[in-house]
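Got a few minutes to look around a protein with a ligand in it? Have the sequence and the 3D view open side by side, and we'll walk through the model step by step.

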Amino acid sequence: MRKFRVYAPGRVNLIGEHTDYNMLPVMPLAVDKRITIEVEARDDNKVRLANTAVGTADTSFVISDNIPVVQRDWGNYARAASQALSKWAGKPLKGFNGTVSSNLPSASGLSSSSALLVASALAVMAVNDIHMEGLAFADLAADAERYVGTKGGGMDQCAIIMSREGYASKIDFDPLKVTPVRLPEDVDIIVANSMVKAEKSGAAKREYNRRVEGCRKGLDMLKKAAGIDCGPYLRDFKVAVPDYMPYIAKMPVGDERDFCEHVLTEADRVEAAFAASSAEELGYLMNLSHESCANLYKISTPELDKIVRVARESGALGARLTGAGFGGCAVVMARKSDVPGVLDALNKEYYGGNATENVLFTVRPSGGAHVKEE
Ligand code: NG1
């Protein structure tokens, strides 16, 4: 039987938070921590998965166009990928036996769930000789993840699939477009895990989806305020009314107004970050983004705020929460010469001197997911 190894990295988002499902741009990079699946092809349509993480039970399913979700089972990300590919292929697909291992912290805003989905999809594709162009694969993977019930955007899957080693990416949506972005020469990117779990299955999912709905309701209010009709995303409003602030000001005070203000100004910050000519400017935009995520989008936590404060006070150029929020990680950018001082301050002041390299680490911009035949 043919054997493969598939690899899918996590990602950290530099700037552009909660913009993707509003079809507005993001700027993530793939990190040098990843999920690996050792894959052995099977002759039938079953998938059997083991996981080397302690306390993770084996899981299995049959590939079809309609795979039932199993409540609270980590294998749902593999089910999501397999169901989507089965529909796409329009013919019965073969399964595989797989062993999943990972050095990517889970439930911490580094997209371990999307990495598992992408790795599982690559496994199904490898054993069935399916080849798909990267952007089409990213679109399929983003759609596939909605199987688990998050009304997410397409940033994670696209960053995991399309990233290029040594570069971050600016991702635009609908149509999906990826532009490699060189980071400033003399900076490093630090990830600091707040250790507050942002579980996608529980309260964080409800809060995430509440914001997706809030943006939709907010868009209706904006359209009324401006007396226009436009497409179904905040992006469509921004295109129709580039000078959107006066209309935000007309909205009733409340979450919808705050959510719209965050998303629209965040999109402007991504464009500014893409055009930024210095590390200071990029750092400044990251800091503004955190303030907006915390005060308007209300997705920060006291722990993330503390990491951000300590990082900035110890010399970082920029520091912000990354990913969905409600816990998880912060991303910090610092000059290489300042990195030891920032790491030291975070270790002492946030981790009580006990930080391990699993919770506080620098990341290198890495390449996207791939397969090797054994
Ligand atoms: P994470 O951090 O992986 O939960 C989520 C969404 C992204 C994006 C960010 C916020 C999924 C799979 N991921 O990321 O699409 O909306 O939040 O910017 O839903």
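We'll begin at the ligand, move to a residue in a loop, then visit the nonpolar cores and end at another loop.

One thing to keep in mind from the start: this is a predicted model. Now find the ligand. There are 19 residues around it, and Glu17, His18, Asp20, Asp156 and Tyr208 come nearest. If you sort the residues of this shell by character, you get 4 nonpolar, 9 polar and 6 charged. Which helix gives the most to the shell? That's helix H4, residues 155-162, with 3 residues.

Next, zoom in on the ligand's oxygen atoms. A backbone N or O atom of His18 sits 2.7 Å from one ligand oxygen. A polar backbone atom of Ala324 is 2.9 Å from an oxygen atom of the ligand. Arg11 uses its side chain instead: an N or O atom there is 3.1 Å from a ligand oxygen. As for how covered the ligand is, on its own it has 440 Å² of accessible area, and the protein covers 97% of that.

Stay with His18 for a moment, and you'll meet Asn22. A polar atom of the Asn22 side chain lies 3.1 Å from the backbone oxygen of His18. Asn22 belongs to the loop between strand E1 (3-15) and strand E2 (27-41). Is Asn22 buried or exposed? It's buried, because its relative accessible area is 4%, and the cut-off for buried is under 20%. Leaving out neighbours within four places in sequence, Asn22 is in contact with Cys215, Tyr233, Leu234, Arg235 and Val263.

Now for the cores. In soluble globular proteins, nonpolar side chains tend to be buried together. Here, the largest nonpolar core has 80 residues, and the ones touching the most other members are Leu29, Ile37, Phe96 and Phe137. Helix H2 (residues 112-127) gives the most to this core, with 12 residues. Try clicking on Phe137: beyond four places in sequence, Phe137 touches Val118, Ala121, Leu122, Met125, Met132 and Ile161. There's also a second, separate core of 46 residues, including Cys230, Ile248, Ala319 and Val339.

Last stop: Asp43, in the loop between E2 and strand E3 (46-51). Asp43 counts as exposed because its relative accessibility is 59%, and exposed means over 50%. Apart from neighbours within four places in sequence, Asp43 is in contact with Met1 and Lys94. Asp43 and Met1 are 42 residues apart in sequence, yet their C-alpha atoms are 8.5 Å apart in space.

Terms used:
Residues are numbered from 1 along each chain as its sequence is written. This is a predicted model: local features need pLDDT of at least 70, side-chain atom pairs count only at pLDDT 80 or more; totals for chains, interfaces and linings use all residues. Side-chain values use heavy atoms; hydrogens and water are left out. A residue is near a molecule or strand if one of its heavy atoms lies within 4 Å of it. A polar contact is a pair of N or O atoms within 3.5 Å; within protein, one must be able to donate a hydrogen and the other to accept it, and residues adjacent in sequence count only if both atoms are side-chain atoms. Accessible areas come from the Shrake-Rupley method with a 1.4 Å probe; for residues, only the protein chains shown count as cover. Helices (H or I, at least four residues) and strands (E, at least two) are DSSP runs, numbered from the N terminus. Ala, Val, Leu, Ile, Met, Phe, Trp, Tyr, Cys and Pro count as nonpolar, Asp, Glu, Lys and Arg as charged, and the others, Gly among them, as polar. Buried means under 20% relative accessible area, exposed over 50%, partly exposed in between (1.4 Å probe, protein chains only). Contact means heavy atoms within 4.5 Å. A nonpolar core is a set of buried Ala, Val, Leu, Ile, Met, Phe, Trp, Tyr and Cys residues joined through side-chain atoms within 4.5 Å.
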